[in-house]
Amino acid sequence: MTVPEIGAPRRRTEDTRLLTGRTRWTENLTPAGTLHMAFLRSPHAHAKLTRVDTSQAATHPGVVAVFSGADLADEQGSLPCAWIVTDDMKHPDHPPMGVHEVRYVGEPVACVVARDRYTAVDALEKIDVDYEPLPAVVDMEAAVAEGADLVHHDLGTNKSYTWVYENGDVEAALRDAPVVIEREYVQQRLIPSAMEPRSVLCVPEGDEFTLYSATQIPHILRLMLAVVTGIAEHRLRVVAPDVGGGFGSKLQVYGEEVIALLLARRLGRPVKWTETRSEGNMTVHHGRDQIQRLTLAAERDGRIRGLKVDLLADMGAYLMIVTPGIPLLGAFMFNGIYKMDAYSFTCTGVFTTKTPTDAYRGAGRPEATYAIERLMDELANELGIDPIEVRRRNWIAHEEFPYETIAGLTYDSGNYEAATDKALELFEYDKLRAEQADRRDRRDPVQLGIGVSTFTEMCGLAPSRVLGSLSYGAGGWEHASVRVLPTGKVEVITGSSPHGQGHETAWAQIAADRLGVPFEDVRVLHGDTVIAPKGMDTYGSRSLAVGGVALSAACGKVVEKARTVAAHLLEAAEQDLEFRDGRFSVRGVHEEGTTLQEVAQAAFTAHDLPDGLEPSLDADATFDPDNFSFPHGTHLCAAEVDTETGMVKLRKYVAVDDVGKVVNPLIVEGQVHGGLAQGIAQALFEEAVYDADGNLTTTTLADYLVPSAADLPTFTTDRTETPATSNPLGVKGVGEAGTIASTPAVVNAIVDALRPHGVRDVPMPCTPERVWRALRGEAGAR
């Protein structure tokens, strides 16, 4: 009996090349004759373009061509938005390069194409642009006020849409409620900061084009490039080589990709562009940026009556591919793991003269989890009961699953009690509470706070019918193919496109288990629309729960086809054969039989196959689940807060997650650690800051603090396992769990430490200055 691969802690095979740099990043690719692009970007948050003179730049030595937005106006089209969330949503044109007006600092207005990137950058200084400055619109609340300056004058408003969801009578729930908690929280704007900057290379090949891009979405990008440029889709090939991180920032169709394609077509030569880090901080889409107004009604025993949510969500200057839908993903998660009688959610999307926002790790769900988990701590404080206890009184009990929530989702499985009990034990909760009480009694200047976050999330972004009901512009299925080669080796082709998640290892483990072949005999291919022509790509923790399940189904089809061949070779009935450890045998006669490799050879030679059977051992499968998957967990954080300096030190962090069936625990551990780093970074370190004129003041990593390992505590992680019922593998997503759960755990810990000083909130990021100001009654100071 072979040892199962699923569940085995295999080290990632792809790391050998990724960590040593012996791989293909887009920036590594420079075909003969490549030209390099550089973009001139607006220094104004809002201005009319009255003149763009490129004549002097065109004469610069080494420059091949220079283009303004006006030069490409007839062919560059408008960047797509695939999520029209309401019938009356305001959706302005979004040219890849500005033609008449610019609406955020960093919006491109011209580009230089030269023989090398340094020449292209130097020539930018010779482009002469006249701007007529217009008022910047930076503050969301001011943007929706009467008489506000407009980002898009032709729209007549800065409101893109208002989206409403209601279930139950919220006003009745609030009316005469014994306990009403009203709070306003700000989700600060974040910059995704992937390790690999964006990069694109377009190679013309006659009337066909191959575009290499550091993208999460090669299949979606191919389709959208065809729509935007009018180039026939079957003439486009998109390749995502090894991609160094994305976190949603590369779930996008960027103007630089469109321009690279157009100029490669126009010039007949490869065209390449790679951003600098500062350039990327200005122009990669940003994340979060919400103002949350929240009202929670409860009984005196802590039972929640109802929840009312009113959001302002900053769209930035334009709607990018899923910009308007991101805050709406949170609409289904503000209730968290809790039962309640009524729920109301209203979101207004607001245009500002800032970089557009879009998906960032968790995409709407971290914002929702933060709100409800902060409110649960506020409720516990109001009632004078333990934060864990108030959660126990409201969460869905394990015997109640499947459970239809107040937000209209059906949670298929979960056990919040088990995850919480394990977390409390690992955390030594009672011991830390005792220490906290002692410090408070001693008036220790360094106070101890304990933060709780019990969460769930909707992920495996997939059910096509559900996405259709939300007016999303695509489906959520995923595709996989399996080829058993004549020698018995296996090629797996997946439509999910990794950018650091470990697909090549995990997918090989799934195939090895299902086919009974050695792990080393499986190769995983991905990220190329020619090699893997079908797919919906990677985001929303969907790869395993959708793409991995499609692969498992394709393997099952291969086994069934092989069974037919094996039955013919063994002169037995198919129903009498069993398949175990890669070998077909007649039940009860295990010493005889034939291996999958032998069947593959027989299928290849085709000398003796059943009549009508095609001579191959290949199969395809597409999976479209009926429901999301719902991982959950309990995260506990102990923070020491110096009340004299405002300094916060995370002393202990415990995360117990339930992600269903685990394929590779090492990969799960890595995903949780990475997610925790990003969630903690939002709580303590990161913020994209604009001044009143719309200038981004955090354009470098000297100004925008991305934490290193030295800034973070040692994590204690563990798991419980409640298999999903929405897919045959029982798997759930894990890529975003750490990010979703950790931010409220950390902020709850900080506020818990400061409650004896009258503090009930510290705006994120909770820097020493903000903590210090909160202690002095300036909690609203940003």
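This talk goes through two sheets, the helices that pack on them, and one annotated domain in a predicted model.

I will start with the four-stranded sheet. Its strands come in the order 18-26-27-28, the sheet is open, and the pairing is mixed. Strand 18 and strand 28, which spans 715-720, are the edges, and each of them pairs on one side only. From one strand to the next, the twist averages 10°.

Two helices pack on this sheet. Helix 12, residues 416-427, touches strand 18, strand 26, strand 27 (648-658) and strand 28, and its direction makes about 30° with that of strand 26. Helix 18, residues 665-684, touches strand 26, strand 27 and strand 28, and its direction makes about 125° with that of strand 28.

Now to strand 18 itself, residues 446-456. Is strand 18 largely enclosed or open to the outside? Of its 11 residues, 10 are buried, so the rest of the structure largely encloses strand 18. Strand 18 runs antiparallel to strand 26, residues 632-642, and 11 bridges join the two. To find this pairing on the screen, look for Gly449, whose bridge partner in strand 26 is Ala639. Another such pair is Val452 with Leu636 of strand 26.

Next is the three-stranded sheet. This one is also described as open, with the order 22-23-24 and antiparallel pairing. Its edge strands are strand 22, at 577-580, and strand 24, at 594-595, each pairing on one side only. Strand 23, residues 583-586, pairs with strand 24 in the antiparallel sense over 2 bridges. In that pairing, Phe584 has Thr594 of strand 24 as its bridge partner.

Helix 16, residues 543-570, lies across strand 22, strand 23 and strand 24, and runs at about 125° to strand 22.

Helix 16 also meets another helix. Two packed helices are described by the angle between their axes and the distance between the axes. For helix 16 and helix 17 (residues 596-605), the axes come within 10 Å and cross at roughly 85°. That makes helix 16 roughly perpendicular to helix 17. Which residues of helix 16 take part in the contact? They are Ala562, Val565, Ala566 and Leu569, and they meet Leu596, Val599 and Ala602 in helix 17. By type, the contact of helix 16 with helix 17 has 7 nonpolar residues, no polar and no charged ones.

Last, the annotation. An unreviewed UniProt entry labels residues 20-135 as the domain "Aldehyde oxidase/xanthine dehydrogenase a/b hammerhead". In the model, this span is 10% helix and 30% strand, and its end C-alpha atoms lie 49 Å apart.

How values were computed. Residues numbered from 1 in each chain as written. Predicted model: local features only at pLDDT ≥ 70, side-chain atom pairs only at ≥ 80, totals over all residues. Heavy atoms only, no water. Pairing = 2+ DSSP bridges. Contact = heavy atoms within 4.5 Å. Axes fitted to C-alpha atoms, helices over the stretch in contact; angles between N-to-C directions. UniProt positions renumbered as here; feature names shortened; annotations may be inferred. Buried < 20%, exposed > 50% of the residue type's maximum accessible area, 1.4 Å probe, protein only. Parallel < 35°, antiparallel > 145°, perpendicular 65-115°, else oblique. Nonpolar A, V, L, I, M, F, W, Y, C, P; charged D, E, K, R; others polar.
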